[in-house]
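User: I'm new to reading protein models. Can you walk me through this one?

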Amino acid sequence: MSDPGPAPALSPPDPVSIDLAAMPRVLRRIVGKALRLAPGRVSLAFAASLFAALASLSLPRLLGHAVEEVQRRGALDARQDLLVTALLAIAATTLRGAFTATANYQAEWVSQKVAYVYRLEFFRKLQALPFAFHDAVHSGDLITRGMLDMEGARAFIQGGMMTCLTVLLLLVVAAGQMVAADPVMAAIGLAFTPIAGAALARMGILLRVTWLQVQRLMSRLTLTMEENLQGIRVVRAFSAKAFEMAKFDAAANAALTVSYRRIVMRFRAVSVMTLSFYASMGGLLFYGGHKVAAGEMTAGRLTEFLTYMTLLQTPIRQIAMIFASAARATSSGGRLFEILDLEPQIADAPGATPLHAPRGVLRFEHVDFAYRPGGPLALSDISFEVGPGKTLGIVGPPGSGKSTLANLIPRFYDVSAGRITLDGQDIREVTLASLRAHVGLVQQEAFLFDATVTNNIAYADPWAEEVRITEAARTAQIHDYIASLPDAYETRVGERGVALSGGQRQRMSIARGVAPGPGVMIFDDSTAAIDAVTEKKVRDALAEATRSKATIIIAHRLSSLMHADEILVLEAGRIVERGTHAELLALSGEYADLFALQTRSDQGLSIADARMRRKLAEAGS
């Protein structure tokens with residue numbers, strides 16, 4: 001198949017910076033999704049957070065009142081008031097815990113619901129995007145977006161949105177009460193908040209950037225391990241253990257270095273926060289202590305201020321988590337939305353109707369195709385017709401456009417010019433589902449799922465009767481082997497069909513293509529891994545199974561298509577010869593050269609040599 005063209009303009013899978021300008025847009029989209037999916041639960045989480053904050057802010061007043069009572073009446077006389085205050089403090093703490101648990105539960109429920117919906121939308125989008133997209137984007141990047149980036153976007157709802165609300169409530173309400181009580185004391189006590197907040201916010205952003213670097217390095221580490229495990233036989237065969245260990249060690253050491261850098265950043269920010277906090281507390285004690293000694297303030301009021309500061313220490317620390325969560329959601333959500341916002345280039349046209357092709361005549365009318373606009377043509381001026389009971393063979397050198405032609409019929413790609421019709425209906429004007437139900441494509445790469453034999457054969461029609469499944473297996477000459485397995489058709493074939501040989505996987509793929517009984521059958525070099533004797537049996541069985549269908553056979557081995565009613569010879573995307581097997585041999589052209597190469601006993605002469613001899617002979621005559 002020809003070059004699929006450049007990759008879509010997606011962000012790289014391993015970014016090491018955060019687009020702060022995109023932060024409001026991305027976060028607003030995530031929060032908006034949560035509000036639309038579960039407005040009631042979000043409101044409940046907000047209300048619970050508010051009440052939890054109010055319960056926390058009642059503690060300074062209670063403790064200040066207790067100290068004032070002890071100072072005014074003495075410890076013995078104030079015992080009853082102290083007991084009441086203690087009970088109220090316990091009640092406030094209990095309520096805070098209950099409201100906090102409610103808020104956290106609701107936020108987690110909403111975040112998981114958002115992740116569930118986004119996950120379905122993401123997977124649905126991947127199913128709709130055309131082959132041109134999947135040809136150009138690495139599957140590992142898509143998996144990262146659908147798993148890690150999805151988690152990053154989800155986590156912001158609880159770790160960012162809800163935490164931000166709690167912090168704002170505590171800061172605003174506590175600061176307001178402190179300012180109302182004593183503006184100077186409030187200024188001294190709150191002096192640490194901008195310093196600590198700035199340091200922790202900066203740390204949150206930097207930690208996220210370094211975490212992205214760690215993710216990139218861990219991806220490289222994972223790729224190194226994956227390649228090693230997949231190619232373990234090659235590594236052992238060439239005694240490359242030392243080289244592989246050195247490569248793995250270099251990747252692991254790079255990740256370790258960035259991890260150490262994260263530790264330093266974290267401790268620096270925490271040190272700044274702790275130092276500024278205790279500096280403010282020391283200033284508050286010094287100033288407040290003098291006022292208490294001078295009789296200008298009660299010890300209870302000073303206790304109240306100190307308790308406010310202690311309460312604010314935790315939410316100030318959470319600023320780092322908020323910024324880190326927001327930064328992560330920005331980078332992760334942005335990469336996730338890049339996929340969700342893509343519009344499939346291959347989709348049902350407005351007003352598309354289900355395909356109705358009772359005859360099943362497939363027709364190419366002057367078809368051109370390029371993988372990208374303005375790019376080189378992979379196919380040029382292709383015209384042919386194949387009807388029910390007829391077989392069309394297609395042959396040509398690698399890169400001549402054979403598989404490209406096959407992929408145009410079920411609309412994996414759209415033609416650049418011309419049109420493809422089924423019983424006169426342009427395939428771009430019918431629904432994709434009905435078109436692909438009518439067209440069966442058996443590809444050279446026999447991909448099997450890690451499921452039972454039955455599930456693999458009946459993949460296109462999970463409700464297929466057992467007799468249809470076994471008949472499809474018989475047609476593909478794989479039934480006897482399946483029957484000999486311990487669990488017969490219920491045997492699992494392993495990941496990508498690892499339990500089967502290459503030829504067995506191809507025959508399973510043929511059975512899967514035949515089982516639904518589509519109207520047009522396309523075999524794209526689907527017998528390349530099968531021995532000649534078995535191939536002859538498969539070919540005879542397929543001829544019987546597809547005798548009333550339009551059939552296209554693409555092959556390098558001419559024995560697979562010599563019986564075709566018409567054979568097309570492709571070269572550089574063009575039809576250079578066409579006719580029956582006998583007619584093409586009589587032309588003494590490309591097809592005849594290929595036939596001679598595959599049948600003569602002297603296999604040392606290449607097709608290029610044969611072509612050169614023919615052209616020299618033509619020039620001499």
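Analyst: Sure, one term to start with: contact means heavy atoms within 4.5 Å. This is a predicted model, where local features need pLDDT of at least 70, side-chain atom pairs count only at pLDDT 80 or more, and totals for chains, interfaces and linings use all residues. Residues are numbered from 1 along each chain as its sequence is written, and side-chain values use heavy atoms, with hydrogens and water left out.

User: Leaving aside neighbours within four places in sequence, which residues is N456 in contact with?

Analyst: N456 sits in helix α13, residues 453-457 (helices are DSSP runs of H or I, at least four residues, and strands are runs of E, at least two, numbered from the N terminus). One of its partners, M508, is 52 residues away in sequence, yet the two C-alphas are 7.8 Å apart in space. With neighbours within four places set aside, the contacts of N456 are L448, F449, A451, V493, M508 and R512.

User: Is N456 buried or exposed, and why?

Analyst: Buried means under 20% relative accessible area, exposed over 50%, and partly exposed in between, using a 1.4 Å probe and protein chains only. N456 has 1% relative accessibility, so N456 counts as buried.

User: What share of the chain's 621 residues count as buried?

Analyst: Helix α1 gives some examples: M23, V26, L27, I30, G32, K33 and A34 are its buried residues. Taking the chain of 621 residues as a whole, the buried share is 46%.

User: How many helices and strands does the chain have?

Analyst: We've already met two helices, α1 (residues 23-37) and α13. The full tally for the chain is 20 helices and ten strands.

Methods:
The expected span of a helix is 1.5 Å times one less than its number of residues.
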